[in-house]
Amino acid sequence: MTIQTTVVGSYPVPAWLQIAPTRSALRDAIAVVYKTQELAGIDVVSDGELYRFDVNHPETNGMIDYFVGQMSGVSTQLTREEIRAFRSTPGNEYRTQPAAVVRDRIGEGSLNLPGDYDFAKGLTRSRKKFTLTGPHMLSKLLLDNHYGDQAELAMAIAEVLRKQVEEIDADVVQLDEANISGHPDEWEWAAAAINHVLLGISGEKGLHICFGNYGGQSVQRGLWRDLTPFMNALHVDHLVLEFARRGYDEIDVLREVRPEIGVGLGVVDIKDNEVESPDLIASRIERATTTLGAERIHYIHPDCGFWMLPRGVADRKMQSLVAGRNLFVGA
């Protein structure tokens, strides 16, 4: 199997789209994002998640707010008491307030991910990836005033997401989870909810795990070893993992993950403007394949999304990503 290049999902929002965020401008911007990836040689491209961006809350690029803000049973209008209750929960200190509060049974509301996908899918002929935030991550950023049980809340969110992904025929559908890395003790109910969504995907199933990227800062602390029970419980085709920022000393842990689960290897640091050389990227691939075997590495990619970088830096990092892969395989 040839190692494929891909991106995790997001791309820097073009300044002209922020100035004139019309639907036609959004379509043009997505076309530019696709074309930029194609010119760089990326094998599996993403729409850049541009439709999620909210200029009033840019820190997470809509990773949470876009999803929960449209679900029924959830309100983004918060009282001061609710904000205090959320802030007093351990692990939530990095956010000033919850994304929303759950007041009733959660439903789809106006969330329309199939519509988002259909809007963009005709703008490229390349293999496409569609991304969405997973139910564990979403549940952890809500204040729950209805279910009273975190696992039940996550499964309710998972049911909404599953109905959505069942109608998306992307080549790859990827769930993003950036909270489980700091809470491995929650793996059983997290995996149950995530698997419920994954089983609704008709294409290749991916799961991105990182240690957070809130305004360019890591949020979670933990070790990959602690996540092996979680990873082994997943009904997933491949994982999309952060390594460039953390280093590769933990790479041998992945030998404990079921061999039928492919590895996506982060080889580009998105929290640094320095552009990695193709030689460096090739050496990172070499180290991983020496440890795990070449057949385990299905993808190489950045650690996380590109949204916070200058466009020129993101573009050059993609070019280097492809050049490094080609150097490794001898192309």
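Which residue lies over the face of Phe119, and at what distance from the ring centre? I looked this up before anything else. Arg23 is the residue, at 4.0 Å from the ring centre of Phe119. I am working from a predicted model.

I then turned to another arginine. Arg246 lies over the face of Phe211. I noted 3.7 Å from the ring centre for Arg246.

Next came the ring pairs. I have 7 aromatic pairs on the count. I started with Tyr51 and Tyr66, whose rings meet edge-to-face. Their centres are 5.4 Å apart, and the planes stand at 70°. I checked where the two tyrosines sit. Tyr51 is in the loop between strand S2 (44-46) and helix H3 (65-68), while Tyr66 belongs to helix H3. The pair links distant parts of the chain, with the two positions 15 residues apart in numbering. I looked up burial as well: Tyr51 is buried, and Tyr66 is too.

I stayed with Tyr51 for a second partner. Tyr51 also pairs with Phe130, and this pair is stacked. I recorded 6.4 Å centre to centre and 5° between the planes. The 5° angle counts as stacked because the cut-off is under 30 degrees. Phe130 is in strand S5 (residues 127-133), 79 residues apart from Tyr51. This pair, too, links distant parts of the chain. I found both Tyr51 and Phe130 buried.

Last, I asked myself which residues the ring pairs link into a cluster with Tyr51. I wrote down Tyr66, Phe67, Tyr117 and Phe130.

Note on methods:
Residues are numbered from 1 along each chain as its sequence is written. This is a predicted model: local features need pLDDT of at least 70, side-chain atom pairs count only at pLDDT 80 or more; totals for chains, interfaces and linings use all residues. Side-chain values use heavy atoms; hydrogens and water are left out. Rings of Phe, Tyr and Trp (its six-membered ring) pair if their centres lie within 6.5 Å; planes under 30 degrees apart count as stacked, over 60 as edge-to-face and the rest as tilted. Helices (H or I, at least four residues) and strands (E, at least two) are DSSP runs, numbered from the N terminus. Buried means under 20% relative accessible area, exposed over 50%, partly exposed in between (1.4 Å probe, protein chains only). A charge sits over a ring if NZ of Lys or CZ of Arg is within 6 Å of the ring centre and within 35 degrees of the ring normal.
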